[in-house]
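Here is a short tour to read alongside the sequence and the model. Keep the viewer open and follow along, heading by heading.

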Amino acid sequence: MSDVALGHDLHAESHHDYPGLSPDTSTGISHSKLGMWIFLASDCLLFGAFISAYLMYNGRAQRGPTPSDVINIPFTSTSTFVLLMSSLTMVLAVSAAHRGEERRTRLWLIATAILGASFIAGQVYEFTTMYREGLGYTTNIFGSSFFSLTGFHGVHVTVGIILLLILVSMSFRGRLPKAKAEVVEVIGLYWHFVDVVWIVIFTVVYLIHK
Amino acid sequence: MAIVEAPRPLVIPEPVLPASGPMGVFKRPTKTTGWRSWATTIDHKKIGKMYGFMSIVFFIIGGCEALLIRTQLATPNGTLLSAQVYNEMFTMHGTTMIFLVVMPLGVAFMNYFVPLQIGARDVAFPRLNAFGFWTFLAGGIILNSSWILGGAPDNGWYNYAPNSLVTFAPTHGIDFWTVGLLTTGIASLVTAINMITTIINMRAPGMTWFKVPVFTWMSLVGQFMLLFAIPVLTAAQFMLLFDRRFGANYFEVSQGADPLLWQHLFWIFGHPEVYIMIMPAFGLTSDIIPVFSRKPLFGYKVMVISGIAIGFLGWGVWAHHMFTSGMGPVSNAAFAVGSMTIAIPTGVKIFNWMGTMWRGQIRFTTAMLFAVGMFTMFMLGGVSGITHAISPADTQQHDTYYVVAHFHYVLFGGAALVFFGAFYYWWPKIFGHMLNENLGKWNFWLMMAGFNLTFGPQHILGLQGMPRRVYTYLPGYGWELWNMVSTIGSYILAFSVLIFIINVVYSRRKAHAAGQYTCDPDPWDGRTLEWITTSPPPEFDFWEIPDVRDLDEAWHRKYAEDENGRVVRVAKIEDVMDKPTGVIPHMPSPSYWPLVAAFGMLFIGYGIIFSLALCAVGGFLLFVSLVAWGIEPSTEPGVHPVEPLTPDSGESGVAHEIHEVGANV
């Protein structure tokens, strides 16, 4: 029953003062949100190229270590779970921001940043372990394509964390009122995109390696 | 005056500003003249002019490189250039012309005219627009500085790996190429995001998709292609950069790498790229021909849809650049069929341009001559393109001068010619005075003669077996005559460009002598929205955002059918033009940060090539400027950046008063 009421509220809001609706544009979508969607469409192709190159070279390394020597599926599954949970906290942050609850927005933004940072910490640990096991960036074709692909993703997550921290500091200074909740939503789009890309990378690199 | 009677406040909605004041290191710039106004401008028209100016500068640089190439090849056993310098010369010629001339020239026209054609006051992200320009310039500087910093890239504009690895290309040349184009790639990406958002989101009320002018439509299609093509090139360039700088193995064949990886990634970018370059040119031709035929564009919707079809099909043809790479018969056949298919929507366009001229009242102004020249020359290039699509024939033509002839017919004969036409067409709109038509006709005919003499014979040379990228050749192959003709043609072509520059200077002097804004606001009897505002337009483009009822809105405001169904003029342009309302619209303020951020990009670029310490400096600059950019409001409260442009200075008081009220709300 309460779910229905909540849904009704959100629906009503979208007609009146839902900040995502911008009456001054041809589509009703604000420039920044549309711009972010367009950027993410482009970013898909960047990852697409790196993933294609990785798949093309999968199993062609002339010397070891090979993926099965160094990949630790249980560990990376855990860090994947952490990253996916950060999408949940991001959703909660966006929702709190739209409701104008600034303290709760900050809380969830910080939680998202911490989860993202944990993922990055996991990646640093993973890379270090692989290096100790003999897989450097220049060791073989697998090392180059693996570290480049996952590294690019890591850089994306890091940029996301910086953006989240900027949002947090804006919120502390009172620069993130309800009227500007869409900023949180737009950064959220980026964050979710980075998570979705990781699902693909996790599948093709970790789960179906040769 | 009518000005006082229109008190409707046409103010861009105020951003909801936080209670605290704006932050920043620099005081917000307010100048509207002098170098500072150009360095900090976020006005799409000024940025468009800067794109145009820099494109012409790079065009002259790339043209000089072409002349050196042609002079070297004029006679057998040429000694002007060494083999190494020749390689650098053709690499830089191709890279410059593609990334620093044709692409930014298209962006120059888009920047200036897309907002005007859709009835908007600026682009969606004005500061990002400025950042795009300065980053493009940084990329151009990085690329061209390679001449004095240890040698230019020498591997062709497509830069095939593994030939571009350190083993085979030990100088920094390839690094300049990679970093320079990564930088211009970032510029292209942000411009694409900006233009797409602008066109989707900022059309004037009533401008539904099938009332959008064709130039804007084709720009949209081209920018969508760019949006998806540029990240693929970026990825390939990162791989190459990592191989060269950090010892990665993406293209190291001894480690099991496949040389075809680079070719595929490059041409997945590279073939859409040719449509990215030609799309704005298609749009310009489609806008110019109806104006000078005094007829609506024949088959407007089909034109738009065929443009979109090219936008999709353009993704399925890239491997026709690789027919000789041994991909196998299935791939060759599939890409051959794909490449032939794309001729259909392109052919539709050619027929529709002819259909527009058919029984029109044609005025052969310089702009019209260039537009007609564009589609005839482009068609010749298209026909030789079809011969490339036949993969067995292509095996014979591959890497010969036949290919050089083909792509110069589509890129120079297609894109460059109509860009010159667009200069003649839009010059009065941009600068308030016309370019001289007599000199313009000399410019056109000499350019046509020079162009055909340069590239026509190269078909023959190619079919006689003269390979591309040879720095000299021996006598006795039968190549002497046509090489000499081609070289003579290239000098005629260069002379025609010189006439254009003389025309620009001459027309400007003449106009200044006669009082600057001398021309009719609507000199060609134009059809699209840019002609209903003044020439040059005010900083905010339109006093009042126009209500659009028709495709070719400006034309429909001037003409109507009488009771016999004949088209008659019902209004003068002065009557239907955008008129001062007395309220200066509230525009975003200029900003230093896009320029500072682009400086950061410049440092990062040189840092990647020479020393990572420079990267730290650049990264710091970039980070600080992006944060400052994010914090400063897009419009500075309490500052009105617009000087009143109308002669009656009394208006500015009204405007400021209303503005102050707006800011306090």
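## Confidence in the model

Chain B has an average pLDDT of 89, and 91% of its residues score at least 70. Residues 1-22 of chain B have a pLDDT below 50, and beyond near neighbours in sequence this stretch has 44 contacts in the model. Residues 640-665 of chain B also stay under 50, and the model gives them 37 contacts beyond four places in sequence.

Please keep in mind that this is a predicted model. Its scores are ipTM 0.89 and pTM 0.90.

## Chain B as a whole

Chain B contains 20 helices and two strands. Its radius of gyration is 26 Å, close to the 26 Å that the globule rule gives for 665 residues, so chain B is as compact as a globular protein of that length. The C-alpha trace of chain B spans about 80 × 65 × 50 Å along its principal axes.

Of the 665 residues in chain B, 54% are buried. Looking at contacts in chain B with a separation of 6 or more, 82% come from residues 24 or more positions apart.

## The nonpolar cores

The largest nonpolar core holds 228 residues, and those touching the most other members are V102(B), I196(B), V232(B), A236(B), L265(B), F370(B) and V418(B). Helix α13(B) provides the largest share of this core, with 22 residues.

V418(B) is a good residue to click on. Leaving aside neighbours within four places in sequence, V418(B) is in contact with A281(B), L284(B), T285(B), F370(B), A371(B) and M374(B). There is also a second, separate core of eight residues, with A66(B), Y86(B), M89(B) and M92(B) among them.

## Helix α15 of chain B

Helix α15 of chain B covers residues 480-513. With 34 residues at 1.5 Å a residue, α15(B) should span 50 Å, and this agrees with its end C-alpha atoms being 50 Å apart. Just past α15(B) comes G515(B), which has a positive phi near 90°.

Which residues of α15(B) are buried? They are W482(B), N483(B), S486(B), T487(B), G489(B), S490(B), L493(B), S496(B), F500(B), N503(B) and S507(B). The cover over the buried residues of α15(B) includes three helices of chain B: α2 (44-73), α13 (401-431) and α14 (437-463).

## A loop residue in chain B

For a contrast with the core, look at K572(B). This residue sits in the loop between β2 (567-569) and α17 (573-576) of chain B. Is K572(B) buried or exposed? K572(B) is exposed, because it has 10 other C-beta atoms within 10 Å, and a residue with 12 or fewer counts as exposed. K572(B) and V470(B) are 102 residues apart along the chain, and their C-alpha atoms are separated by 59 Å.

## Chain A

Now for the partner chain. Chain A has seven helices and zero strands, so along the sequence the pattern reads α-α-α-α-α-α-α. Buried residues account for 38% of the 210 residues of chain A. Among contacts in chain A between residues at least 6 apart in sequence, 79% join residues at least 24 apart.

Helix α6 of chain A runs over residues 141-172. Its 32 residues should span 46 Å at 1.5 Å a residue, and the end C-alpha atoms of α6(A) are indeed 46 Å apart. Just after α6(A), G174(A) has a positive phi of about 75°. T158(A) lies within α6(A), and counts as partly exposed because it has 16 C-beta neighbours inside 10 Å. I120(A) is 38 residues from T158(A) in sequence, yet the two are 7.5 Å apart in space, C-alpha to C-alpha.

## Where the chains meet

How many residues does the contact take from chain B and from chain A? It takes 35 residues from chain B and 35 residues from chain A. On the side of chain B that touches chain A, α5 (173-201), α6 (214-246) and α7 (260-293) of chain B each supply at least two residues. The most comes from α6(B), with ten residues. By type, the residues on the side of chain B that touches chain A are 26 nonpolar, seven polar and two charged.

Note on methods:
Residues numbered from 1 in each chain as written. Chains lettered and ligands numbered in written order. Predicted model: local features only at pLDDT ≥ 70, side-chain atom pairs only at ≥ 80, totals over all residues. Helix = DSSP H or I, 4+ residues; strand = E, 2+ residues; numbered from the N terminus. Buried ≥ 20, exposed ≤ 12 C-beta atoms within 10 Å, placed from the backbone. Contact = placed C-beta atoms within 7 Å. Nonpolar A, V, L, I, M, F, W, Y, C, P; charged D, E, K, R; others polar. Expected span 1.5 Å × (residues − 1). Rg over C-alpha atoms; globule rule 2.2 N^0.38 Å. pLDDT = per-residue confidence, 0-100. Core = buried A, V, L, I, M, F, W, Y, C linked by C-beta atoms within 7 Å.
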